[in-house]
Amino acid sequence: RRNLLERTLIVVTADHGGQRDEAYLGNNKYQSCCPLENSNEKVEPAYWIEHLNQIGKLWTSYQDTSVKIWLTDRSPAGEQAIVRGMSDISGMAEVYALRTTNGRWRYERVFSRLDAQSPAFRAWAARHNAELLDTMACAVAPHLVGLLADGFGFGRIGDHGGAQERVQRIPVIIRVPGERASVRLTPLRLVDIEPEVTRLMQLTPARTGRGRQ
């Protein structure tokens, strides 16, 4: 009624891809940041996380369609012990370790079982895995990240967090005033949406006290 629709850009998206975790690694327990809905039961760690605690020194961890580990013991021997334990996890395809060189943070692959995966999986991994991990590389990032094969995960249907193609391909719908409907295959990252919308709508970028947009 106020004619706002014709000067409003609408973006609808989600943070979940389409992987169903057919190979559920949670040992019948939901492993995530939150307890089961409508349940007061205590969230207990899955067997694999208990296994890693037995062979090394973990500070904390988070599991979904990848396994993210922060270490207490970051010595080469301590890291290698956890990497060996991570390689035992069902469906583990790759493990990357956080590295820094001259102040630049990056991830280095320290374990691979890609030869056991399908050609399509290997092709996607070669194009995107290192790039995706380096996006989050920083001083507080996980020290180790284990990437799982298709269909493997610790969470529920529509899980997220890993590098699998079905996890990373997230639906996005953008409604632009005066533009005809179309389907586009241009690669797009969620972190790119806010600055692009800000530019298109000729808005002033919001900034925090630290000067970051």
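Me: What makes β4 and β7 count as a pair of strands?
Reply: In this predicted model, strand β4 (residues 66-71) and β7 are joined antiparallel over 4 bridges. Pairing takes at least two bridges, so the two strands qualify. For one concrete spot, look at Val67, whose bridge partner in β7 is Gly146.

Me: And how do you know that β5 pairs with β7?
Reply: Count the bridges again: 5 of them join strand β5 (residues 92-101) to β7. At least two are needed, so this is a pair, and the two strands run antiparallel. Ala97 is a handy place to check, with Leu144 as its bridge partner in β7.

Me: What makes β3 and β4 partners?
Reply: Here too there are 5 bridges, and the strands run antiparallel. That meets the requirement of at least two, so β3 and β4 pair. Ser61 has Ile69 as its bridge partner in β4.

Me: What is the order of the strands in the open sheet?
Reply: The order is β3-β4-β7-β5-β6, which makes 5 strands with antiparallel pairing.

Me: Why are β3 and β6 called edge strands?
Reply: Each of them, β3 (58-63) and β6 (104-112), pairs on one side only. Across this sheet, neighbouring strands are turned by 20° against each other on average, ignoring direction.

Me: Why is strand β7 called mostly covered?
Reply: Go through β7 (residues 144-148) and you'll find 5 of its 5 residues buried. Leu144, Gly146 and Leu148 point one way, Val145 and Leu147 the other way, and all are buried.

Me: What lies across β5, β6 and β7?
Reply: Helix α3 (residues 119-135) does, running at about 30° to β5.

Me: Why is Gln117 called buried?
Reply: Its relative accessibility is 17%. Buried means under 20%, so Gln117 makes the cut. You'll find Gln117 in the loop between β6 and α3, touching Ala93, Arg122 and Ala149 once residues up to four places away in sequence are set aside.

Me: Why are α1 and α2 called roughly antiparallel?
Reply: The axes of helix α1 (residues 47-55) and helix α2 (residues 76-87) cross at roughly 150° and come within 9 Å. Angles over 145 degrees count as roughly antiparallel, so α1 and α2 get that label. Their crossing is right-handed.

Me: Which residues meet where α1 and α2 come together?
Reply: From α1 it's His51, Leu52 and Ile55, and they meet Ala81, Ile82, Gly85 and Met86 in α2.

Me: How do you know that Lys68 and Asp64 form a salt bridge?
Reply: Their closest N and O atoms are 3.1 Å apart. The cut-off is within 4 Å, so it counts.

Me: Are Lys68 and Asp64 buried or exposed, and why?
Reply: Lys68 has 10% relative accessibility, and Asp64 has 4% relative accessible area. Buried means under 20%, so Lys68 is buried and so is Asp64.

Me: What makes Arg20 and Glu22 a salt bridge?
Reply: The N to O distance between their side chains is 3.4 Å. That falls within 4 Å, so the name fits. The bridge is part of a network of salt bridges linking Arg20, Glu22 and Arg166.

Me: Why does Arg20 count as exposed?
Reply: At 52% relative accessibility, Arg20 is over the 50% mark, so it counts as exposed. Its partner Glu22 has a relative accessible area of 46%, so Glu22 is called partly exposed.

Me: What about Arg199 and Glu196: how do you know that they form a salt bridge?
Reply: The closest N and O atoms are 2.7 Å apart, and within 4 Å is what it takes, so they do. Both residues lie in helix α5 (residues 190-200), 3 residues apart, about one turn of the helix. Arg199 is exposed at 53% relative accessibility, while Glu196 is partly exposed at 36%.

Me: How many salt bridges does this rule give?
Reply: The count comes to 9 salt bridges.

Notes. Residues are numbered from 1 along each chain as its sequence is written. This is a predicted model: local features need pLDDT of at least 70, side-chain atom pairs count only at pLDDT 80 or more; totals for chains, interfaces and linings use all residues. Side-chain values use heavy atoms; hydrogens and water are left out. Buried means under 20% relative accessible area, exposed over 50%, partly exposed in between (1.4 Å probe, protein chains only). Axes are lines fitted to C-alpha atoms, for helices over the stretch in contact, and angles run from 0 to 180 degrees between N-to-C directions. Angles under 35 degrees count as roughly parallel, over 145 as roughly antiparallel, 65 to 115 as roughly perpendicular and the rest as oblique. A crossing is left-handed if the near helix is turned anticlockwise from the far one by less than a right angle, and right-handed if clockwise. Contact means heavy atoms within 4.5 Å.
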